[in-house]
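Open the model in your viewer and keep the selection tool at hand. This tour goes stop by stop, and each stop says what to pick and what is there.

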Amino acid sequence: MSFPLLTACLLAPLLAALIIIFLPKDESKLHKIVAVIGTFVSLAISLYVFFAYDKSIGGIQFVERINWIKDLGVTYYMGVDGLSLPMLLLTNLIGFTAVFASWNIPNRTKEFFILLLVLIAGVMGTFITQDLFIFLLFYEVVVIPIYIMVIIWGSSKRVTKEYAGMKLTIYLLIGSAFLLAAVIATFVKATQITGTPDMSFQALAQVNFPEQFQIWMFLLMLIGFGSLLSMFPFHSWSPDGYAGAPTAVSMIHAGVLKKIGGYGLIRFAVYVMPAGAAYWSPLIAVLGVAGCAYAAMGALAQKDLKYIVGYSSVSHMGYVLLGVAALSVVGVNGAVANMFAHGVMAALFFSMIGFIYERTHTRNVSDLGGLARQMPKLAVGFMMAAMASLGLPGLVSFIPEFTIFVGSFERFGLLAVVAIAGIIITALYVLRAGANTLFGTPREKYNHLKDLKGVEMVPLVVLGAVLVIGGLMPSLLFDMVDSGVAPIMSHINEYLPTAVQIGGKY
Amino acid sequence: MPFDISLLTVEIILAALGLAILVMGLIIPSNTKRGLGPITVIGLIAALASAIATWNVQGSLFEGMFLVDQYATFFKITCLSAAVLVTFGCMKYVDQMKAQGEYYSILVFSVLGMSVMASAGDFITLFIGLELMTIAFIILVALNKRSAKSAEAGIKYVILASISSAALLYGLSLVYGMSGTIMIYDVARMVVGGSVSPLFVFGLVLLVAGLGFKISTVPFHMWSPDVYEGAPTPVTAFLAVGSKAASFAILLRLFMGGFIGVAETWVLLVAILAAMSMVIGNLLAIPQTNIKRMLAYSSIAQAGYILVGLVAATEAGVKGVMFYSFLYVFATMGAFVVVTAVYDKVKSDEIADYAGLAQRAPLLAVVLTISMLSMAGIPPLAGFAGKLYLFKAIIADYFWLALLGLIMSMISVYYYLRVCLVMYRDEPIDNTPIKTSGNVTVVLVVAMIATIILGIYPGPLSEVTNTAASTFFLH
């Protein structure tokens with residue numbers, strides 16, 4: 001057996017966390033260095049895997065498979081395909097930069113970095129496993145560290161951090177109760193049908209579940225994954241939660257954790273329950289568009305920068321849902337690519353807001369202004385994120401959004417038009433926030449503020465570079481995603497109404 | 001059948017140990033009584049080892065009145081593990097109570113009662129085991145002579161335990177009257193036709209009530225918060241784990257061994273009790289400010305989850321109950337040993353006094369967090385695997401109950417996290433670190449590692465419980 005790269009990638013942050021446990025409490029510099037090394041190893045491995053993955057063969061590669069629990073048919077099954085690789089890379093990009101974004105954490109660095117590293121490993125685990133049980137183990141491992149991080153290092157502005165943390169946690173956990181019920185029922189049914197228990201996604205996808213069963217199970221999964229993806233109307237935890245959370249948590253949560261919802265929806269719900277997906281796809285599309293429009297308007301009304309980005313992330317997830325609802329290769333490609341693009345963008349956004357808040361101690365747009373003069377580098381990062389958010393061509397998020405509209409227009413027509421209109425509102429609130437924060441007359445009281453320097457530049461450089469590279473060379477991302485999505489969507493057409501198929505080929 | 005006394009090894013060791021400690025407690029001078037703790041631990045470990053060593057031994061004594069199968073042995077191992085952990089982890093508390101001789105010997109007798117219950121093959125043995133355990137617990141609950149709360153808890157427990165025993169006895173006598181036999185598996189052969197008289201069903205209802213008291217399921221749960229709060233903490237811990245596990249052992253033996261043929265008469269009743277326990281236990285835990293009361297309500301909810309295995313009325317259900325009982329030992333022991341250790345320093349069980357525990361004693365805070373999250377069933381901890389096995393057994397027939405159970409267990413996270421909030425966010429009132437002695441640390445680390453490993457890698461335990469559950473139906 002070759003070197004278990006994916007396991008190494010998963011264990012690197014955990015090992016770093018373990019080392020930090022044994023370091024003295026007040027060596028905060030050392031904690032940070034260990035955390036950097038741990039996340040860097042993971043980032044390096046995931047970059048290597050991303051480029052070493054053979055797209056011409058496709059399928060699951062870098063497989064590690066060990067029998068785990070016999071009577072549940074669980075195997076420790078690690079492997080990546082075109083769907084999980086962008087997510088893995090995204091996780092480690094954000095994980096690595098999140099360490100730098102938390103460089104100035106004032107107190108209890110030891111606990112902070114332990115929790116952060118566990119969080120990163122947990123998120124990573126969901127993306128690289130191909131076994132449902134292991135997926136679930138990682139799915140919720142992340143919830144508790146986040147809660148603790150929010151209540152200790154979070155900030156109380158409009159809502160208290162305790163409220164924000166609890167709301168976030170309870171929403172996600174209640175959602176996951178529905179998901180768990182569906183998972184158990186699916187597993188039991190599959191075992192009844194095939195006779196041998198097997199929890200790998202591929203095996204479950206081979207089972208022919210009765211159509212009625214699929215419809216109900218898909219609904220439960222949609223509630224579960226939807227609440228993690230901040231699907232309208234289960235989204236309200238998201239702006240409050242992000243506003244209360246410390247910068248690194250906001251970055252990881254908005255950047256990748258949410259994406260577990262979208263990933264799970266495609267990898268598990270759509271893949272295993274195609275008939276259910278076909279049945280509910282109009283509902284998903286409607287909820288997606290509603291989320292898009294509603295959250296975009298919500299963002300318009302916000303004064304706090306974090307709330308603006310929080311609502312905007314709900315709105316972007318609406319596009320993702322719309323892409324998934326299209327149930328075509330094009331639409332789902334767009335959805336996955338958009339998750340990647342939004343992840344990078346949101347992480348950059350939150351890290352820049354975090355730096356602004358550290359310096360000015362306010363996130364209120366009306367209290368800020370003209371910061372571009374005092375902090376030009378920070379302004380560059382902020383504007384890049386803002387431009388990516390509104391889908392400027394040349395940055396990573398333009399093509400995914402375009403693809404989603406193409407994919408969904410074929411199926412939903414008018415609804416897609418409404419979603420496109422959402423882009424205009426996005427431009428409005430993003431540009432307004434950028435203009436009022438960065439431009440206009442500089443305020444004297446901010447004259448003494450220092451621009452980003454040293455390690456603080458890392459999030460800007462890394463994430464900014466990905467925004468540009470992804471925008472200039474979209475094929476890097478799209479070929480990868482396409483090779484992963486195509487096999488998953490290969491059966492779905494049997495379940496879609498025929499009228500769609502006629503116009504549905506591109 | 002020849003009389004094979006080796007089948008009684010565990011019980012003989014326990015009886016001898018209990019008597020020996022009783023005598024030693026009387027004759028040795030009081031300043032050396034601290035040594036009784038380690039002696040008890042060694043004796044219990046010997047009993048545990050013999051139970052593990054005789055894992056493959058099966059047979060029966062006294063014409064089937066005393067059954068030794070892997071099912072019984074598994075529950076003996078569960079109760080003995082709990083007893084070892086609680087004795088090893090709470091010696092200091094007992095020393096401060098200054099009643100070592102009584103405490104340790106009675107504790108051992110209660111374990112003996114549990115072990116007899118696990119092996120009971122007929123109503124008489126069952127009742128003897130149950131009473132041995134209950135009377136031992138009555139004494140233990142009231143053992144803290146200087147505390148009015150402890151005495152009050154003892155009185156409450158003695159009254160309610162007697163009522164429940166009366167209900168149980170009445171139920172047993174009705175079942176005996178209608179079936180003509182006291183042997184559990186003979187009753188099963190009697191009722192195999194499926195139709196039974198209303199009086200028999202009435203007997204079953206009384207049995208549910210009597211045993212429902214022992215496992216503290218709603219609506220027979222009223223006693224447990226008061227008793228849990230008033231009793232000495234190690235006793236509370238053992239009451240929550242040992243007496244519950246043993247009572248589940250006979251509950252399953254009676255209903256799935258004896259009355260499986262008339263399952264349709266009682267399954268719905270048990271399902272409703274399970275649902276009520278989950279909902280009421282979890283909701284009432286939310287407003288609690290005393291950690292022992294909170295854990296009492298949470299243990300009511302746990303009883304609801306475990307009852308799900310009985311609702312399934314299948315081998316998978318039995319397996320789920322066994323699996324969950326075993327992992328519950330570690331989660332509960334972890335939590336209660338932390339409570340004991342904190343009480344030792346802070347002299348309070350109020351949740352508010354746990355402020356800043358994460359800074360004063362990181363290990364205690366981590367173990368308490370992990371134990372509580374395991375009770376809530378958050379992956380990757382043991383509770384998740386346990387719930388997975390339990391709910392897997394019923395999801396096809398009782399989807400509503402499984403969904404309710406999962407939702408309620410996520411709601412329970414709310415009150416568990418409130419404790420975490422106090423421990424992690426708040427600054428400590430008193431900055432002195434809380435030092436834990438070596439044996440407490442060992443218990444805590446064992447409980448934590450077991451909870452994590454059983455969650456990530458439940459395979460081995462799952463196979464053990466599978467084989468044990470299959471012996472259940474061989475009689």
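Start with A:Val344. Leaving out residues up to four places away in sequence, A:Val344 touches A:Leu90, A:Leu93, A:Val396, A:Leu463, A:Val466 and A:Leu467. Select those six partners together with A:Val344. Keep in mind throughout that this is a predicted model.

**The nonpolar core**

Now widen the view. A:Val344 is one of the residues with the most contacts inside the largest nonpolar core, along with B:Val311 and B:Met333. That core has 408 residues. Which helix gives the most to this core? Select residues 329–360 of chain A: this is helix H14, and it supplies 20 residues. As background, nonpolar side chains tend to be buried together in soluble globular proteins.

**Chain A as a whole**

Color chain A by secondary structure. Chain A holds 21 helices and 2 strands. Is chain A as compact as a globular protein of its length, or what else does its radius of gyration say? The radius of gyration is 22 Å, close to the 23 Å from the globule rule for 506 residues, so chain A is as compact as a globular protein of that length. Along the principal axes, its C-alpha atoms fill a box of roughly 70 × 55 × 40 Å. Of the 506 residues in chain A, 62% are buried. Take the contacts in chain A with a separation of 6 or more: 82% of them are between residues 24 or more positions apart.

**The two strands of chain A**

Select S1 (61–69) in chain A, then add S2 (residues 74–80). The two strands run antiparallel and are joined by 6 bridges. Zoom in on A:Ile69, whose bridge partner in S2(A) is A:Val74. The hairpin of S1(A) and S2(A) has 4 residues between the strands. Click A:Gly73 in this hairpin: its phi is positive, near 65 degrees. Is S2(A) enclosed or open? In S2(A), 6 of the 7 residues are buried, so this strand is largely enclosed by the rest of the structure.

**Where the chains meet**

Show both chains. Here 27 residues of chain A are in contact with 28 residues of chain B. On the chain A side, the elements giving two or more residues are strand S1 (61–69), helix H5 (132–141), helix H6 (143–153) and helix H7 (161–194). Select H7(A): with 13 residues, it gives the largest share of that side. Color the same side by class, and you will find 21 nonpolar, 2 polar and 4 charged residues.

**A cis bond in chain A**

Go to A:Phe232 and A:Pro233. A cis peptide bond joins them, with omega about 0 degrees. A:Pro233 lies in the loop between helix H9 (211–228) and helix H10 (237–244) of chain A.

**Chain B as a whole**

Hide chain A and look at chain B. It has 20 helices and 2 strands. Its radius of gyration is 21 Å, which agrees with the value near 23 Å for a compact globule of 475 residues. The C-alpha atoms of chain B fill a box of roughly 70 × 55 × 40 Å along the principal axes. In chain B, 61% of the 475 residues count as buried. Among its contacts with a separation of 6 or more, 81% come from residues 24 or more positions apart.

**Three loops of chain B**

Where is B:Glu63? Look in the loop between strand S1 (59–61) and strand S2 (66–68) of chain B. B:Glu63 is not a glycine, yet its phi is positive, near 55 degrees. Count the other C-beta atoms within 10 Å of B:Glu63: there are 10, so the residue is exposed.

Next, pick B:Lys98, in the loop between helix H4 (91–97) and helix H5 (100–119) of chain B. B:Lys98 also has a positive phi without being a glycine, at about 60 degrees. B:Lys98 has 14 C-beta neighbours inside 10 Å, so it counts as partly exposed.

Finish at B:Pro379 and B:Pro380. The peptide bond between them is cis, with omega near 5 degrees. B:Pro380 sits in the loop between helix H16 (362–376) and helix H17 (382–394) of chain B.

Definitions and conventions: Residues numbered from 1 in each chain as written. Chains lettered and ligands numbered in written order. Predicted model: local features only at pLDDT ≥ 70, side-chain atom pairs only at ≥ 80, totals over all residues. Rg over C-alpha atoms; globule rule 2.2 N^0.38 Å. Buried ≥ 20, exposed ≤ 12 C-beta atoms within 10 Å, placed from the backbone. Contact = placed C-beta atoms within 7 Å. Nonpolar A, V, L, I, M, F, W, Y, C, P; charged D, E, K, R; others polar. Core = buried A, V, L, I, M, F, W, Y, C linked by C-beta atoms within 7 Å. Pairing = 2+ DSSP bridges.
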